[in-house]
Amino acid sequence: MRLFANNSLGFVALAALLAAPAGSILYYVPTDAELVGQSPLIVYGRVEHTSLAPDGDFTDATVRIGRVLKGLPLESTVVVRQEGGRGAVVVGLRMLRRGDRALLFLYPGQGGVYRTVGMGLGIFLEDRGHLVRHDVPKDGFRHAERFGRWIEERAAGLARPADYLVQEIPGPRAVRQEANWLTGRRTCIGQPEESVPVQLMRWAQWDDGFSRRKTRNRWGETFYVEPELATKVTVTAGGWTDEEALTTTDAAAAMWNGDSGSRVGIPAARINSSWWDHTKFVQAFIGVEYGYASGVYAVNERRTYDYNGTKRLFRDERTSGGETVFVVMFDENGRATHDASNSYRCLKWGQTDEGGSGTNPGDALCPTHEGPYTPQGEVTKWTKVVYHPTGVLGRTIVKLACDYVGDPWAENPVAKTISHSIPGGGGQAWRIQSAQVGISELAMGNAETIRTVVAHELGHALGIGSPADGIEAVMSAVVDTSYTSLQPDDRVAVRRLYPAVTGGSSPPSGGGGGAPPPEPEPEPPPPPPPVPPVASFTVDAACADGLCSVRTGEDVTFTDTSSGTVARRSWDFETGGRTPSGRSVTHSWPSPGFYRATLTVEGAGAESTASRMFRVDASSPAGSCVPGPETVCLQDSRYAVTVEWRDGAGGSGAGRVVHAG
């Protein structure tokens with residue numbers, strides 16, 4: 001199988017699967033065509049600013065729209081909401097940042113905001129005229145202009161070849177170490193963000209001398225503000241029994257617990273439908289939900305809920321007994337729009353296959369199933385929610401702990417992020433207080449690989465990222481096998497965070513150890529906006545008065561000197577065959593004649609052309625041309641000749657010089 005997870009900063013670890021070779025279980029990441037079909041709105045734009053959503057576990061990015069490829073936004077900006085904020089540090093989901101230029105596949109969320117389809121699968125960031133999707137390694141790159149044109153035509157119902165994929169963006173490539181660890185920062189109440197450094201993150205429960213957090217209340221009483229570390233499991237969908245979930249979780253945890261070079265000791269799993277202990281200020285749990293469905297994308301569709309597959313359903317929303325209810329109805333003549341002249345018949349929705357028994361209080365207001373009915377309230381078309389799988393198998397949300405200074409029940413409590421030393425001199429790290437793992441039904445359906453998927457997500461819960469591409473490990477972004485034990489790179493990663501050392505011993509070496517990554521450099525300013533191109537080119541041939549002269553078989557070099565943003569170019573020399581697209585190309589004509597050379601450039605939504613006329617003479621020695629019965633020689637090239645004529649009766653005709661070979 002292929003397990004995709006992202007390596008960028010943040011803390012929702014994502015896993016998505018692509019089709020494996022024939023004979024293995026197939027998991028699905030949408031094709032570009034399917035992604036277009038699933039997205040009501042597709043826009044290209046620039047992130048103007050970001051802010052915490054009213055729910056602090058989410059972040060809102062305001063995007064200035066530069067180009068609409070599908071759909072109709074109501075304003076020139078859209079607000080895109082992503083999971084992750086001050087309270088939830090997110091692993092694997094590339095958060096939009098100010099200045100980002102991105103192609104976004106969106107669907108409407110609640111409260112007028114938009115969400116990205118498939119979480120990170122609907123975000124393509126621009127890099128030097130190309131688009132890259134961070135959440136799908138080895139996905140290749142897309143040429144920005146050609147991909148945009150393809151989307152527009154696809155959304156319009158036109159089939160266009162996928163000519164936009166490229167294997168590599170020109171320019172320098174980043175170098176990554178093998179093992180990787182999660183880094184970030186968390187601000188607590190009253191802490192300015194700039195005062196909190198970027199550090200590694202880990203659990204402290206397995207360190208020598210660890211003691212649970214204590215505090216005093218206003219009456220001087222000492223008490224614990226956190227529970228014991230626990231692994232809590234719940235099954236919400238997928239048809240699994242509690243025993244199956246517990247067995248799978250413990251088997252995956254045993255892969256990490258069994259490493260003799262680290263101190264990891266993930267507790268035995270137990271069923272617990274409530275992860276949070278709201279009597280404690282610092283949590284201490286790894287929660288695993290089987291049947292996680294937050295990665296499913298939903299959107300209302302107008303075509304839904306047709307009665308017997310032929311008649312559009314409507315809802316009459318009205319008041320009954322002091323409560324708002326609705327009556328389901330249809331027009332007996334099959335009309336698809338509401339009109340006062342419609343002849344409606346109501347349905348006892350609980351008696352239909354889709355409704356189910358007793359699901360609609362408005363049924364009591366329908367005297368007879370399929371009987372005549374007069375609406376009493378507001379009539380609307382009835383739409384239903386249609387769910388599309390996104391290919392996300394799992395995600396892990398990691399939250400860092402805050403410690404309260406003084407009385408945590410005070411009116412304005414003061415808190416600070418808990419930082420501690422990694423044993424053996426491994427530097428400083430933030431303390432994890434909880435990790436929430438979600439395993440989707442897609443992952444649960446693959447008995448061969450489910451343990452690897454769960455172990456991968458538990459690795460994120462421990463603070464471990466994914467290594468460089470090509471490394472075979474449980475934590476690899478691409479996994480081609482089902483693992484039953486940790487691989488060498490996994491052991492390097494876990495021993496760095498949880499070394500089996502005491503006192504001042506040195507942590508294990510290898511795998512890119514050393515100090516935590518430094519504070520990231522400030523982001524460079526965004527590139528200038530694209531400028532419509534103006535086509536022009538030069539040739540290494542003799543030209544005068546708009547006409548260039550060359551001989552047959554003679555190579556002529558054409559060099560594009562266009563101004564503006566050139567995303568795509570093509571050359572045409574009126575000889576048929578392949579159309580070159582290089583900035584500098586060489587061409588020769590095999591036969592004498594007059595030819596037009598044309599350069600077409602595209603970019604920034606505009607197109608421009610430039611052309612030159614060429615007279616091509618034969619390359620044979622002078623005097624070799626022999627006129628035929630219907631041809632003449634002109635400068636040693638042979639041409640057929642037509643003339644203008646007029647006869648005595650007023651008849652006339654016209655002709656032109658035509659190249660004859």
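This is a quick tour of one helix, one helix pair and one sheet. Keep in mind that the model is predicted.

Helix 2 comes up first in my notes. It covers residues 144–155, which is 12 residues. From its first C-alpha to its last, helix 2 reaches 16 Å. That is close to the 16 Å expected at 1.5 Å a residue. Which residues of helix 2 are buried? They are A144, E145, R146, F147, G148, W150 and I151. Just after helix 2, look at G157, which takes a positive phi of about 90°.

Next, the helix pair. Helix 3 is residues 242–257, and helix 5 is residues 450–461. The two pack at an angle of about 60°, and their axes are 8 Å apart. Oblique is therefore the word for helix 3 against helix 5, since angles under 35 degrees count as roughly parallel and roughly perpendicular begins at 65. The crossing of helix 3 past helix 5 is right-handed. Who meets whom? Helix 3 brings T248, T249, A251, A252, A253, M255 and W256. Helix 5 answers with I450, R451, V454, A455, L458 and G459.

Last, the sheet. It is open, has 3 strands, and runs in the order 32-35-37 with antiparallel pairing. Strand 32 (537–539) and strand 37 (584–587) are the edges, each pairing on one side only. From one strand to the next, the twist averages 20°. How many bridges join strand 35 to strand 37? There are 4, and the two strands run antiparallel. Strand 35 takes in residues 556–560. To find the register, start at V556, which stands opposite H587 in strand 37.

Note on methods: Residues are numbered from 1 along each chain as its sequence is written. This is a predicted model: local features need pLDDT of at least 70, side-chain atom pairs count only at pLDDT 80 or more; totals for chains, interfaces and linings use all residues. Side-chain values use heavy atoms; hydrogens and water are left out. Two strands pair if DSSP finds at least two bridges between them. Axes are lines fitted to C-alpha atoms, for helices over the stretch in contact, and angles run from 0 to 180 degrees between N-to-C directions. The expected span of a helix is 1.5 Å times one less than its number of residues. Buried means under 20% relative accessible area, exposed over 50%, partly exposed in between (1.4 Å probe, protein chains only). Angles under 35 degrees count as roughly parallel, over 145 as roughly antiparallel, 65 to 115 as roughly perpendicular and the rest as oblique. A crossing is left-handed if the near helix is turned anticlockwise from the far one by less than a right angle, and right-handed if clockwise. Contact means heavy atoms within 4.5 Å.
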